[in-house]
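This report looks at how the inside of one protein chain is arranged. Please keep the model open beside the text while reading.

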Amino acid sequence: MIVKRRVLPGLPLSLGITLVYAAIIIVLPLIALVFKAASLGPADYWRIISSDRAVASYVVTISCAFVATLFNLVFGLALAWVLVRYRFPGRRIVDALVDLPFALPTAVAGISLTTLFAVNGWFGGPLSALGIKVAYTPLGIMIAMAFTSLPFVVRTVQPVLEELDPTLEEAAQTLGGSDLSIFARVVLPLLTPALLAGVSLSFARSLGEFGAIIFIAGNQPFETEITALLAFIRLEEYDYPASAAIASVMLIAAFVMLAVTNLLQARALRYTVRN
């Protein structure tokens with residue numbers, strides 16, 4: 001008689017608990033948000049989400065998140081490359097500092113960045129002398145977004161870099177490939193799925209960031225007001241349907257972005273496996 005053993009004992013129970021927990025923590029708040037936004041009529045919903053102030057907040061949020069994500073794409077890949085491929089004094093400290101935005105409360109990060117980049121700050125003073133103002137400008141928003149979302153790119157790319165087969169690069173070198181061509185034609189295609197995952201997480205975190213931004217942004221409507229802050233303002237005014245409507249726009253944007261990213265990841269994986 002053959003006794004079938006489960007790989008994980010108690011899987012149905014643990015799976016049920018996990019699904020219930022996910023439903024309460026994730027699905028239920030999203031459903032409440034959708035229902036609250038749906039309590040508005042189509043005309044009122046469109047009037048709220050298409051108001052000049054709301055559209056200006058979308059532009060500020062998305063544009064700043066896009067620039068911050070581009071910075072994280074380049075700098076995060078470079079940082080992951082250095083941490084994996086090189087050994088130098090203080091490497092473990094730098095590796096630990098990458099996770100600092102995860103451990104640091106976002107409000108503390110916002111206050112620290114504002115102190116550093118204010119006109120009389122360590123970095124803000126020299127930059128102001130050059131005519132570059134950071135605090136209370138969109139540039140400050142970009143820096144706050146990049147700071148809080150950088151670990152997503154580094155920690156997603158780093159393990160893939162560690163697992164890359166060095167014989168692939170060695171073979172390319174024996175065939176006369178330059179360092180740039182080896183990176184572009186051998187390494188980068190293998191890193192593309194991980195890069196897409198890290199970039200999408202970084203962009204999503206930037207879209208939803210609140211605590212680190214409100215201190216350095218200045219929160220001026222039509223200039224440095226982000227969408228999350230506008231939704232919070234409507235919440236403080238006890239205009240819950242309007243707050244839910246504005247938040248639903250960012251929710252839809254996040255879902256669309258994740259769907260597009262998953263599609264690109266799937267295509268990149270098929271390309272990598274085929275080659």
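A cavity, as the word is used here, is a set of grid points where a 1.4 Å probe fits but cannot get out. In this structure, which is a predicted model, there is one cavity of 30 Å³ or more, and the largest cavity has a volume of about 30 Å³. Its lining is formed by Phe117, Ala118, Val119, Gly124, Ser128, Ile132, Lys133, Val134 and Ala135, a group that divides into six nonpolar, two polar and one charged.

Among these lining residues, Lys133 can be followed a little further. Lys133 belongs to the loop between helix 7 (124-129) and helix 8 (138-163), and it counts as partly exposed because its relative accessibility is 49%, while buried would require under 20% and exposed over 50%. Although Lys133 and Phe117 are 16 residues apart in sequence, their C-alpha atoms are 8.2 Å apart in space.

A second place to examine is Thr61, which sits in helix 3 (residues 52-85). Thr61 has a relative accessible area of 1% and is therefore buried. Apart from neighbours within four places in sequence, Thr61 is in contact with Met145, Leu207, Ile226, Thr227 and Met250.

The axes of helix 3 and helix 12 (residues 227-236) come within 8 Å and cross at roughly 145°. The table shows which residues each helix brings to this contact.

| Helix | Residues in the contact |
|---|---|
| helix 3 | Arg53, Ala54, Ser57, Tyr58 and Thr61 |
| helix 12 | Thr227, Leu230, Ile233 and Arg234 |

Taken by type, the residues of this contact between helix 3 and helix 12 divide into four nonpolar, three polar and two charged.

In soluble globular proteins, nonpolar side chains tend to be buried together. Which residues have the most contacts inside the largest nonpolar core? They are Ile48, Tyr58, Ile141, Ala144, Met145, Ile213 and Ile226, in a core that has 35 residues. Two or more residues of this core come from each of helix 2 (42-49), helix 3, helix 6 (106-117), helix 8, helix 10 (179-208), helix 11 (211-217), helix 12 and helix 13 (240-274). A second core of 15 residues, separate from this one, includes Leu83, Val98, Val154 and Leu195.

Returning to Ile141, and not counting residues up to four places away in sequence, one finds that Ile141 touches Val60, Cys64, Ile213, Ile216, Ala217, Thr224 and Ile226.

Methods:
Residues are numbered from 1 along each chain as its sequence is written. This is a predicted model: local features need pLDDT of at least 70, side-chain atom pairs count only at pLDDT 80 or more; totals for chains, interfaces and linings use all residues. Side-chain values use heavy atoms; hydrogens and water are left out. Helices (H or I, at least four residues) and strands (E, at least two) are DSSP runs, numbered from the N terminus. Buried means under 20% relative accessible area, exposed over 50%, partly exposed in between (1.4 Å probe, protein chains only). Contact means heavy atoms within 4.5 Å. Axes are lines fitted to C-alpha atoms, for helices over the stretch in contact, and angles run from 0 to 180 degrees between N-to-C directions. Ala, Val, Leu, Ile, Met, Phe, Trp, Tyr, Cys and Pro count as nonpolar, Asp, Glu, Lys and Arg as charged, and the others, Gly among them, as polar. On a 1 Å grid over the protein atoms alone, a cavity is a set of points where a 1.4 Å probe fits but cannot get out, and a pocket is an open set with protein on both sides within 12 Å along at least five of seven lines; lining residues have an atom within 4 Å of a point. Grid points are joined across faces, edges and corners, and a volume is the space filled by probe spheres set on the points. A nonpolar core is a set of buried Ala, Val, Leu, Ile, Met, Phe, Trp, Tyr and Cys residues joined through side-chain atoms within 4.5 Å.
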